[in-house]
Amino acid sequence: MPACDYLSAVQVRSLQALFLEMSDLPSLRQKIDSLDTTLVNLLNERARVSLDIGAAKRQMETVDPSQSEEKEPHVYMPAREKQVYEKLNRLNRGPLKDDSLNAIFREIMSASISLQQNVSVAYLGPPGTFSHQAAYERFGDSVAYVPQKQITAVFEAVEKGRTTYGLVPFENSTYGSVIETMDYLMHTDVQIRAETYLTVHQCLLSNSKLEDIKKIYSHPQGLGQVQEWLKANCPHAERVPVKSTAEAAQLAAVETGAAAICSEICASLYGLNVVAQDIEDIKTNTTRFLILGTSSDNPTKCDHTLIRFTVDHRQPGALCDGLKVFKVHNLNLSKIDSRPSRQRPWHYVFFVECSGHAKDDNVKQAVKEMEQYCLDVFVLGSYPDQRPE
Ligand SMILES: O=C(O)C(=O)C[C@]1(C(=O)O)C=C[C@@H](O)C=C1
């Protein structure tokens with residue numbers, strides 16, 4: 001009679017596990033040890049090539065600085081990274097999931113970047129903001145993160161060369177454009193180097209019970225993304241807009257009856273309880289961030305370009321004529337926005353995001369033609385399209 005007729009399924013499984021440990025486990029671990037040795041050697045071989053790439057980039061700049069439009073040593077190359085990830089995902093036959101492989105390579109490239117240069121990234125702090133998470137997902141563990149008190153300070157850090165890059169929130173799929181970012185984009189000459197998307201889950205954190213909460217702090221975007229939830233669950237609590245979601249958590253942590261709308265991470269960072277989780281009004285809530293530098297990367301054939309312009313309002317059809325050039329050159333528009341110019345009432349600065357790269361012929365031609373209809377036209381940068389499907 002077979003052994004399994006006498007033993008329960010659980011007993012059979014534990015016997016199998018014991019047998020595996022006695023026989024296979026040591027040899028399987030030996031296999032892992034040997035593969036790890038190969039991996040370490042390969043990773044160091046890759047790191048040495050990355051150092052050579054860094055040296056080659058520096059040499060290219062010293063041989064002919066006039067040929068280089070770039071003011072920064074190009075260590076973060078979003079166009080190249082996109083190519084690397086696409087290739088990895090094409091090669092991947094499993095069992096590793098694409099997301100796991102991408103996370104491993106995020107750290108490999110983060111280490112690679114830091115070998116070439118000390119990289120710092122300014123973001124809207126304090127630690128625990130969604131900007132912090134987005135920056136970390138893009139740049140990994142081997143670069144320095146520099147929190148800033150407000151979005152304008154992130155731009156300034158890049159403009160003044162205090163940090164290599166900066167990351168700012170640009171727009172949210174539920175609540176729209178981030179006003180502070182748009183307002184700074186009206187007059188800055190920093191260049192957008194990349195975009196990155198983050199799924200945003202908002203939480204209500206407090207050390208008081210839901211029914212005792214009288215005041216709710218958050219960034220205006222945080223309050224905007226959960227307005228329906230607040231209406232239904234805390235209709236009488238005062239909403240207080242502050243500079244960031246993590247600053248909201250810091251304030252709520254020291255005030256009885258106060259709460260913050262922010263990420264769950266802030267609970268452990270600032271000593272708060274999670275009162276409610278995933279309270280965003282729309283479950284696909286996603287924020288797009290821009291990575292700022294002093295120049296854009298090369299074309300990838302799947303890019304976006306952000307252009308800022310103003311028109312003469314006294315000239316009928318000027319805005320329409322300015323926009324028509326995109327159709328003429330077969331360029332798709334993915335975003336259009338405007339902000340008051342602050343120079344005179346009812347005068348606006350427009351932003352348009354089109355498909356293509358500023359180095360592509362049709363984009364160059366479109367920008368040139370726009371100059372005929374617009375008062376001033378400025379290309380804020382081109383970046384690989386990273387929009388999740
Ligand atoms: O290809 C480059 O330019 C590199 O610097 C190498 C490398 C990499 O490790 O693969 C590192 C950082 C860049 O962001 C992209 C790629």
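In the predicted model, helix H2 (residues 78-91) packs against helix H3 (residues 98-116) with an angle of about 145 degrees between them, and their axes lie 10 Å apart. The crossing in which H2 passes H3 is right-handed. On the H2 side the contact is made by Glu81, Val84, Tyr85, Leu88 and Asn89, which meet Asp98, Leu101, Asn102, Phe105 and Met109 of H3. By class, the residues of this contact comprise 6 nonpolar, 2 polar and 2 charged. The loop between H2 and H3 contains Pro95, and the peptide bond that joins Gly94 and Pro95 is cis, with omega at about 10 degrees.

The helices H2 and H3 also take part in the surroundings of the ligand. The residues around the ligand are Ser50, Ile53, Tyr76, Met77, Arg80, Glu81, Val84, Met109, Ser112, Ile113 and Gln116. Helix H1 (9-63), H2 and H3 are the elements that each give two or more residues to this shell. The largest contribution comes from H3, with 4 residues. Sorted by class, the shell holds 6 nonpolar, 3 polar and 2 charged residues. Glu81, Val84 and Met109 are among the residues around the ligand, and these residues are also found in the contact of H2 with H3.

A second cis peptide bond is considered next. The bond from Gly125 to Pro126 is cis, with omega near 0 degrees. Pro126 is located in the loop between strand E1 (120-124) and helix H4 (130-139).

Further along the chain, 5 strands form an open sheet of mixed pairing, in the order E8-E7-E9-E6-E10. Strand E8 (238-241) and strand E10 (273-276) each have a single partner strand and stand at the edges, so one side of each is left without a neighbour in the sheet. From one strand to the next, the twist averages 35 degrees. The pairing between strand E6 (residues 203-206) and the edge strand E10 is antiparallel and extends over 3 bridges. Within this part of the sheet, Leu205 stands opposite Val274 in E10. Helix H9 (residues 245-253) packs on the sheet and touches E6, strand E7 (215-218) and strand E9 (258-262). The direction of H9 makes about 160 degrees with that of E9.

Another open sheet is formed by 4 strands in the order E13-E14-E12-E15, with antiparallel pairing. Its edges are occupied by strand E13 (333-340) and strand E15 (376-384); each has a single partner strand, so one side of each is left without a neighbour in the sheet. Direction ignored, neighbouring strands of this sheet are turned by 15 degrees against each other on average. E13 pairs with strand E14 (residues 348-355) in the antiparallel sense over 7 bridges. One bridge in this pairing has Leu333 with Cys354 in E14 as its partner. The loop between E13 and E14 contains Arg342, a residue that has a positive phi of about 70 degrees although it is not a glycine. Helix H12 (residues 361-373) lies across strand E12 (303-310), E14 and E15, and runs at about 160 degrees to E15.

With regard to confidence, the mean pLDDT of the chain is 94, and 94% of its residues reach 70 or more. The scores of the model are ipTM 0.99 and pTM 0.92.

How values were computed: Residues numbered from 1 in each chain as written. Predicted model: local features only at pLDDT ≥ 70, side-chain atom pairs only at ≥ 80, totals over all residues. pLDDT = per-residue confidence, 0-100. Axes fitted to C-alpha atoms, helices over the stretch in contact; angles between N-to-C directions. Left-handed = near helix turned anticlockwise from the far one by under 90°. Contact = placed C-beta atoms within 7 Å. Nonpolar A, V, L, I, M, F, W, Y, C, P; charged D, E, K, R; others polar. Near = placed C-beta within 6 Å. Pairing = 2+ DSSP bridges.
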